[in-house]
Amino acid sequence: MINYSSIKAIIFDLDDTLVGSDDFYARALKKMHINPAGKPFLNARAAVKAQLPPGQPSGRNRLLYFKRMLDNKRDGYGLGALEMMLRYEALLQAMSKTEWKNLKRDVLFQKLSRRYRLVILTNENLRTQLKKLQAIDPKEKYFERVFTSEEVGEEKPSAKGF
């Protein structure tokens, strides 16, 4: 039996736990007229991942994918990728905010944050995760700390993050 009074903190994952992830990523790309299952995106993603060590958190960075897509088209040197990333992040933020509100997560996290220290340990790059957190907890009321695989250098389930 769990002694709940001895629990001091709760660690949450962000993606597909607190907010959508794979579905949001795909929907955001589609709104940008990028097919997440299409060759240009998949080839760019594969090329980025092939350049990095296996499990390297930077292999999830969509900015790198967007830049590679433009490189493959010989379409500028990267500012277009930055514009793409800003639009992508705005779409993720909007989806995260809407889902958080619709699921009434504020009520739950207000209660939890009064009793426990709440921490996020998540894969992905820090900027993308902070953008989503900015949408769901803009006043930083709920989560005491956030750790990403990018900061830790290894993805979950590596013990290094924990």
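Leaving aside its neighbours within four places in sequence, which residues is Ser149 in contact with? The legend for Figure 5 gives the answer, and the views before it lead up to that spot in this predicted model.

**Figure 1. The whole chain, for getting your bearings.**
Welcome to the predicted model of this protein chain. Its 162 residues include a buried share of 40%. There are 7 helices and 3 strands to look for. If you follow the chain from the N terminus, the elements come in the order β-α-α-α-α-α-β-α-β-α. The C-alpha trace spans about 60 × 35 × 25 Å along its principal axes. Take the contacts between residues at least 6 apart in sequence: 71% of them join residues at least 24 apart.

**Figure 2. Helix 1 and its two sides.**
Helix 1 is made of residues 22-31. Phe24, Tyr25, Ala28 and Leu29 are its buried residues in this view. They sit on the same side of helix 1 because they cover an arc of only 130 degrees around the axis. A general point helps here: an α-helix has 3.6 residues a turn, so residues three or four places apart point the same way. On the other side of helix 1 you will find Asp22 and Lys30, which are exposed. The cover over the buried residues of helix 1 includes helix 2 (39-51) and helix 3 (62-73), along with helix 4 (79-102) and helix 6 (126-136). Before leaving this view, look just after helix 1, where His33 has a positive phi of about 65 degrees.

**Figure 3. The largest pocket.**
This view moves to the largest pocket, with a volume of about 370 Å³. Its lining is made up of 21 residues. Those that lie nearest the centre of the pocket are Asp22, Tyr25, Arg60, Arg62 and Glu124. Two of these names may be familiar from helix 1: Tyr25 is buried, while Asp22 is exposed. At least two lining residues come from each of helix 1, helix 2 and helix 3. Sorted by class, the lining has 10 charged, 8 nonpolar and 3 polar residues.

**Figure 4. Asn61, in the loop between two helices.**
Asn61 is found in the loop that runs between helix 2 and helix 3. Is Asn61 buried or exposed? Asn61 counts as buried because its relative accessibility is 14%, and the cut-off for buried is under 20%. The side chain of Asn61 reaches 2.9 Å to the backbone nitrogen of Leu63. Setting aside neighbours within four places in sequence, Asn61 is in contact with Met85 and Asn125. For a sense of distance, look across to Arg45: the two residues are 16 apart in sequence, and their C-alpha atoms are 9.0 Å apart in space.

**Figure 5. Ser149, the residue of the opening question.**
Ser149 belongs to helix 7, which covers residues 149-152. With a relative accessible area of 1%, Ser149 is buried. Here is the answer promised at the start: beyond its neighbours within four places in sequence, Ser149 is in contact with Pro57, Thr122, Asn123, Glu124, Glu154 and Glu155. One of these, Glu124, also appeared in Figure 3, among the residues nearest the centre of the largest pocket.

**Figure 6. The largest cavity and Ser158.**
How many cavities of 30 Å³ or more are there? The count comes to 1. In general, rolling a probe the size of a water molecule over the atoms shows where empty space is left. The largest cavity holds about 30 Å³ of space. Ser149 is one of the residues lining this cavity, and the others are Leu121, Asn123, Glu154, Glu155, Lys156, Ser158 and Gly161. By class, this lining has 4 polar, 3 charged and 1 nonpolar residues. Ser158 is found in the segment after helix 7, and Ser158 is buried, with a relative accessible area of 16%. The side chains of Ser158 and Glu154 make a polar contact at 2.5 Å.

**Figure 7. Glu83, on helix 4.**
The last view shows Glu83, a residue of helix 4. Glu83 is exposed, with a relative accessible area of 58%. Phe66 is 17 residues away from Glu83 along the chain, and 9.5 Å separates their C-alpha atoms.

Key: Residues are numbered from 1 along each chain as its sequence is written. This is a predicted model: local features need pLDDT of at least 70, side-chain atom pairs count only at pLDDT 80 or more; totals for chains, interfaces and linings use all residues. Side-chain values use heavy atoms; hydrogens and water are left out. Buried means under 20% relative accessible area, exposed over 50%, partly exposed in between (1.4 Å probe, protein chains only). Helices (H or I, at least four residues) and strands (E, at least two) are DSSP runs, numbered from the N terminus. The arc is that of the directions from the helix axis to the C-beta atoms. Contact means heavy atoms within 4.5 Å. On a 1 Å grid over the protein atoms alone, a cavity is a set of points where a 1.4 Å probe fits but cannot get out, and a pocket is an open set with protein on both sides within 12 Å along at least five of seven lines; lining residues have an atom within 4 Å of a point. Grid points are joined across faces, edges and corners, and a volume is the space filled by probe spheres set on the points. Ala, Val, Leu, Ile, Met, Phe, Trp, Tyr, Cys and Pro count as nonpolar, Asp, Glu, Lys and Arg as charged, and the others, Gly among them, as polar. A polar contact is a pair of N or O atoms within 3.5 Å; within protein, one must be able to donate a hydrogen and the other to accept it, and residues adjacent in sequence count only if both atoms are side-chain atoms.
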